[in-house]
Amino acid sequence: MSERLKGWALVRAAVRNRKTAAMLVLGFASGLPFVLLIGTLNAWLGELKVSLATIGVLSWIGLAYAFKFLWSPVVDRAQLPLLSRLGRRRSWLVLCQGALAVLLWMLAATDPVTAIGTFAVLAVIAAFLSATQDVVIDAWRIEVADEAATVELLSAIYQLGNRFAALAGGALALVLAARLSWPTVYVGFGFVMLAALAMTLFTPEVTRDPADEATPLAGHPVPEPRQRGIVLAIVAVCWGWAIFMLGSFMVAALTPPAPGTTAPSAGVFTQTWGPWIIVATVILPALIAGWTNRLPKAPATAEPAPGALQAFANHSYRALILPLAEIVDRLRWGAFLVLALILLYRIADSIWAPFAFPFYLGELQYTNDEVAFASKLFGVVMTIIGVALGGVMLAAWGRMPTLLAGGIVAAASNLLYADLATGGAWIDGFAHLTLLDHSGIEPRMLRLMVAISGENIAGGLAGTAFVAYISSITAREYSAVQYALLSSMTFLVGALGRAATGEAIEIHGYATVFLVTAGLGGVAVLLVLAEWWRGAPRAPAVTAEQATI
């Protein structure tokens, strides 16, 4: 009992902590561009009768979140000119948030029907900046955590800020668009990003070690420079190939086909190249990084002063390869179970997320106001309940039981949508059993609210558990890159499958796709059980020197 009282005392102290207030603001700033680009944007395109296949391909802008670990070393190590006086993390946040505001205004000024190519380019750049902002925020959350504002608590507050952003960028955007116009809505949210920028200026900053900046490999046993260069080159080729394949297909799919030809199939591309892209971006780099742990090591301090090119290579190796090598060395072969779990845990909801608004507005013929209330107002409240439930379960049950519960309810929630797509007979039965059908709510609207309630509570719970799990296996020394790498994998499989999902919906219908996604969620549950049985890994202990902020 005394331990429980002590825990609640820490929670109360954390609520009054400046870091938790900053985390709420940063969570909102992270969630707003994401919901505007990955979710609300598709409502705009659906209203303009853009095809589901095109929406699916355009949703590949979400791959910026999947590949954010590629440039996380630059974000982690580089100092921005002029803005550097604000601090390492604040300077990048100000750059990203200011540029996002401008890009939202530019999207508002572009017609997606007549200029889909330009519209896609702007959306890709905006997603890149949004993902970059997430890299900074994720690293900041891990670095500033302390006994009062723990990683778990900051993760829950981060999710809460995200939910508030979903409320603003979802419900409010839909309501305003029904009365004004989509371009006007995006202009307004550009100014909201500027307001977030102003509040970001007051976030606590993390101190950095100047010696580590000057000699990034000092204190780290590493292979010889030639071997390091080979490793960097192989990894760069793998990631470069994957980006080229995805980018070239996206351009080809969004380009109107020549007379007598058909547009390339996203389904065929995903089936043919999707597994190889995962191998090239995840499996091979992990194996190569793990292989470096077996190479003979030479202290970097014994090397002569490097030139500019070698210095860049040293920073790249320190920022990218060493974090991969550390996590593979710590987890051993269990790393592949962890990678599989991370790849598939959120797939049940992430793979169909871009089609939620076309499903509500186009397939089921709900109005903007009805969807705004059910999905982005009532639904956000349900998500907040899910986030709160996740926080309570983490404190009471621990990480792995909460992760398991989140995986189960996330998979099961897709069955609600399968039922909704076929008329909602099971939902009606549930409403009758629980007397919800006597609430006075119109039956058709009640079905939508029940389905969204289940999905959003499940998503809030699963999201909170998942962020806490990833944070727990991230070493503070490599916080930016490791967290960016692990969290980005959540988007990778979902984003790869979205283009094919759009085609599958047009061919087989929504109900069949929801049943498939529920089955994929069941695979994630089995992986959680295997990881729990193996023994969930923890990040290495933090020394007193590392904990100094």
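Contact means heavy atoms within 4.5 Å.

**Figure 1. The whole chain, a predicted model.** The protein chain holds 23 helices and two strands. Of its 549 residues, 56% are buried. Take the contacts in the chain with a separation of 6 or more: 85% of them join residues 24 or more positions apart. The accessible surface amounts to about 22700 Å². Carbon and sulfur atoms contribute 70% of that surface. The structure has zero disulfides.

**Figure 2. Helix α18 against helix α19.** Helix α18 spans residues 399-421, and helix α19 spans residues 425-433. Their axes come within 7 Å and cross at roughly 110°. Angles of 65 to 115 degrees count as roughly perpendicular, so α18 is roughly perpendicular to α19. From α18, the contact uses Leu416, Asp419 and Leu420. From α19, the contact uses Ala425, Trp426 and Ile427. Five of the contact residues are nonpolar, none is polar and one is charged.

**Figure 3. Helix α19 against helix α20.** Helix α20 covers residues 443-472. It packs with α19 at an angle of about 90°, and the two axes are 10 Å apart. That angle makes α19 roughly perpendicular to α20. Ile427, Asp428, Phe430 and Ala431 are the α19 residues here. They meet Leu446, Arg447, Val450 and Ala451 of α20. The contact counts six nonpolar residues, no polar ones and two charged ones. Ile427 also appears in the contact of α19 with α18.

**Figure 4. Asn414 in helix α18.** Is Asn414 buried or exposed? Its relative accessibility is 1%, so Asn414 counts as buried. Which residues does Asn414 contact, leaving aside its neighbours within four places in sequence? Ala348, Asp349 and Trp352 are among them. Phe514, Thr517 and Ala518 complete the list.

**Figure 5. Gln133 in helix α7.** Helix α7 runs over residues 116-144. Gln133 has 0% relative accessibility and therefore counts as buried. How far apart in space are Gln133 and Ser30, C-alpha to C-alpha? The distance is 6.9 Å, although the two are 103 residues apart in sequence. Leaving aside neighbours within four places in sequence, Gln133 is in contact with Ala29, Ser30 and Pro33. Its other contacts are Leu93, Cys96, Gln97, Leu100 and Met193. Of these, Cys96 has 1% relative accessibility, so Cys96 counts as buried too.

**Figure 6. Val94 in helix α6.** Helix α6 takes in residues 88-108. Val94 lies there, and at 12% relative accessibility Val94 counts as buried. The cut-off for buried is under 20%. Val94 and Ala198 are 104 residues apart in sequence. In space they are 8.4 Å apart, C-alpha to C-alpha. Which residues does Val94 touch, not counting those up to four places away in sequence? They are Leu83, Leu86, Leu197 and Leu201.

**Figure 7. Two cysteines, Cys96 and Cys238.** Cys96 is buried, at 1% relative accessibility. Cys238 is buried as well, with a relative accessible area of 12%. The structure contains zero disulfides. Cys96 is one of the residues in contact with Gln133.

Definitions and conventions: Residues are numbered from 1 along each chain as its sequence is written. This is a predicted model: local features need pLDDT of at least 70, side-chain atom pairs count only at pLDDT 80 or more; totals for chains, interfaces and linings use all residues. Side-chain values use heavy atoms; hydrogens and water are left out. Axes are lines fitted to C-alpha atoms, for helices over the stretch in contact, and angles run from 0 to 180 degrees between N-to-C directions. Helices (H or I, at least four residues) and strands (E, at least two) are DSSP runs, numbered from the N terminus. Angles under 35 degrees count as roughly parallel, over 145 as roughly antiparallel, 65 to 115 as roughly perpendicular and the rest as oblique. Ala, Val, Leu, Ile, Met, Phe, Trp, Tyr, Cys and Pro count as nonpolar, Asp, Glu, Lys and Arg as charged, and the others, Gly among them, as polar. Buried means under 20% relative accessible area, exposed over 50%, partly exposed in between (1.4 Å probe, protein chains only). Accessible areas come from the Shrake-Rupley method with a 1.4 Å probe; for residues, only the protein chains shown count as cover. A disulfide is a pair of cysteine sulfur atoms within 2.5 Å.
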